[in-house]
Amino acid sequence: MKFSARAAALTGALLLAASAATACAPATSGGGGAGGDSRSGTVRVWLFREVNNGPKERIVEDVVRAFTKRHEGVEVDVRYIPVDSRAERIRAAFNDPSSAPDLIEYGNTDTAGYVADGGLADITGEFGAWDEADDTDPTARRSVTVDGKVYGAPLSVGVRALYYRTDVFADLGLEPPRTLAEVAAAARRIAGERPGMYGLAVGGAYTYGALPFVWAHGGEVAEPEGDAYTAAIDSPAARRGVEAYTDLFGEHNCPPAKCAGMGGNDTVQAFASGRAGMVVGGDFSRRAMEDGAVRGKYAVVPLPGVRRGEIAPAFAGGNNLGVLRGSGHRTLAVELMKSLAGKETQRDLFEAMGFLPTFTDVREEAAASEPFFEPFVRTLEAGTRFVPATPAWTGIDASQVLPTMFQEIVSGRKDVAAATRDAAARMDEAFGGAAR
């Protein structure tokens, strides 16, 4: 399949697989199984509903048509479900197999929590026997793995890189930054010479825009310790990264009064509307840029690291497919999962929706066909990071431990040492109640 055939559609249809990291389920689906392996009947599937869902539906219809042609007496019921209130309803499905699907799409940060809830089936054997799985990106594979066991197939991946205003950089004689120090210097220059413009739009609530600074300085959010995790955000290396990020808040770049409460969407919108010279945005942010005031006036490079030639590690977001442990059609569900998450489908989803493939070879083809994605692919190839694979992360994320830490620092309520120490204590309290 040629990637170039529909490349022009990417700008209008690009969406985030990583940002749609969760989904909610309909109250009922009708019928159901409480475990087993029937080779007939209806296989039920819940997939995320995208903003522009038509292309996804057409691709899935083609996969389902081929699947049912191979399996006489089998039907597939696909439901497209909204993203906003997934947690309670998906967990409710885990507890009620009679109304649950056989196969679900889910956000990759939810894997450990869903496994702890007993909702996902261990498919380690089937995944290992799948030829295409050998080309799965290592980080994507980690996103479906808990304690060495595989609980799904990666479907798409999303990462962030550095967007910058080509016109502003040209006017000021700036070159694309090659280190994080150069990012900060360029931000100060832009803010100083363009009144009312942020040099680099940053947000105190933008966790996944801040963590690359921590990782680039050699820090970690947490470290595995036996069968659990222990916080590492207060280590010397992590503190250097936290300081590098929080130093970007101020009148010299992004005033705390305006930027402390900003999240990722806020920073992207600031750039898209022309109010910032740079932003750390995702491959999935392209739609906002093309619909905004910066259309035709921006470019993207990997977010650089501490030293020239380095790329700051990015968080690898994305979506996975998983078979429910209570499925009554395990074999059929696994086969359909492989078809929906396989290379051909990922190629089609990239062309139609802009979803970055999780297979390294398919992703290389994607980058060659569409230059916009090349910086994101380089970022993925340089090595990405993931959140701690523990159910505790859901609580840590929901309770805003890291955003609170950043906001305490940029507001001046605490210094870096005190804020990171307190954040680490809160994280360790959460980790203490959940095994890895």
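Mentor: Let's start with a bit of vocabulary: a crossing of two helices is right-handed if the near helix is turned clockwise from the far one by less than a right angle, and left-handed if it is turned anticlockwise. Keep in mind that we're looking at a predicted model.

Trainee: Okay, let me try that on a pair. At roughly what angle do the axes of α10 and α19 cross?

Mentor: They cross at roughly 60 degrees, and the axes come within 10 Å. An angle from 35 up to 65 degrees falls in the oblique range, so α10 and α19 are oblique to each other. As for the handedness, the crossing of α10 and α19 is right-handed.

Trainee: Which residues make the contact of α10 and α19?

Mentor: On the α10 side you'll find Val 242, Tyr 245 and Thr 246, and α19 brings Met 405, Phe 406, Ile 409 and Val 410. Sorted by class, that contact has 6 nonpolar residues, 1 polar and no charged ones.

Trainee: I'd like a second pair to practise on. How do the axes of α2 and α14 cross?

Mentor: Helix α2 covers residues 54–70 and helix α14 covers residues 330–341; their axes come within 10 Å and cross at roughly 140 degrees. That makes α2 oblique to α14. The crossing of α2 and α14 is right-handed. Val 60, Val 63, Phe 67 and Arg 70 of α2 make the contact with Leu 332, Glu 335, Leu 336, Ser 339 and Leu 340 of α14. Here the classes come out as 6 nonpolar, 1 polar and 2 charged.

Trainee: Now the rings. How many aromatic pairs does the count come to?

Mentor: The rule is that ring centres must lie within 6.5 Å, and the count comes to 18 aromatic pairs. Take Tyr 163 and Phe 376: their ring centres are 6.2 Å apart and their planes are at 55 degrees, so this pair is tilted. Tyr 163 sits in strand β7 (residues 160–165) and Phe 376 in helix α17 (residues 374–382), so the pair ties together parts that are 213 residues apart in sequence. Both Tyr 163 and Phe 376 are buried.

Trainee: Are the rings of Tyr 208 and Phe 315 stacked or tilted?

Mentor: Planes under 30 degrees apart count as stacked. The planes of Tyr 208 and Phe 315 are at 15 degrees, with ring centres 4.0 Å apart, so that pair is stacked. Tyr 208 belongs to helix α9 (residues 207–216) and Phe 315 to the loop between β12 (298–301) and β13 (317–323), so the pair ties together parts that are 107 residues apart in sequence. Tyr 208 and Phe 315 are buried too.

Trainee: Which residues do ring pairs link into a cluster?

Mentor: The cluster is made of Tyr 163, Phe 271, Tyr 298, Phe 350, Phe 372, Phe 373 and Phe 376.

Trainee: You mentioned α9. How many residues of α9 are buried?

Mentor: Buried means under 20% relative accessible area. In α9, 10 of the 10 residues are buried, so the helix is largely enclosed by the rest of the structure. Among them are Tyr 208, Leu 211, Phe 213 and Trp 215. The cover over these buried residues includes β7, α8 (180–193), α10 (236–246), β11 (276–282), α18 and α19. Just after α9, Gly 218 takes a positive phi of about 90 degrees.

Trainee: What about residues with a positive phi that aren't glycine: where is Asp 147 found?

Mentor: Asp 147 is in the loop between β4 (145–146) and β5 (149–150). Its phi is about 50 degrees, a positive value although Asp 147 is not a glycine. At 54% relative accessibility, Asp 147 counts as exposed. Gln 400 is another case, with a phi near 60 degrees. Gln 400 lies in the loop between α18 (392–398) and α19 (401–410), and at 37% relative accessible area Gln 400 is partly exposed.

Trainee: One last residue: is Thr 379 buried or exposed?

Mentor: Thr 379 has 2% relative accessibility, so it counts as buried. Thr 379 is part of helix α17. Leaving aside neighbours within four places in sequence, Thr 379 is in contact with residues including Val 159, Arg 160, Pro 302 and Ile 311.

How values were computed:
Residues are numbered from 1 along each chain as its sequence is written. This is a predicted model: local features need pLDDT of at least 70, side-chain atom pairs count only at pLDDT 80 or more; totals for chains, interfaces and linings use all residues. Side-chain values use heavy atoms; hydrogens and water are left out. Axes are lines fitted to C-alpha atoms, for helices over the stretch in contact, and angles run from 0 to 180 degrees between N-to-C directions. Helices (H or I, at least four residues) and strands (E, at least two) are DSSP runs, numbered from the N terminus. Angles under 35 degrees count as roughly parallel, over 145 as roughly antiparallel, 65 to 115 as roughly perpendicular and the rest as oblique. Contact means heavy atoms within 4.5 Å. Ala, Val, Leu, Ile, Met, Phe, Trp, Tyr, Cys and Pro count as nonpolar, Asp, Glu, Lys and Arg as charged, and the others, Gly among them, as polar. Rings of Phe, Tyr and Trp (its six-membered ring) pair if their centres lie within 6.5 Å; planes under 30 degrees apart count as stacked, over 60 as edge-to-face and the rest as tilted. Buried means under 20% relative accessible area, exposed over 50%, partly exposed in between (1.4 Å probe, protein chains only).
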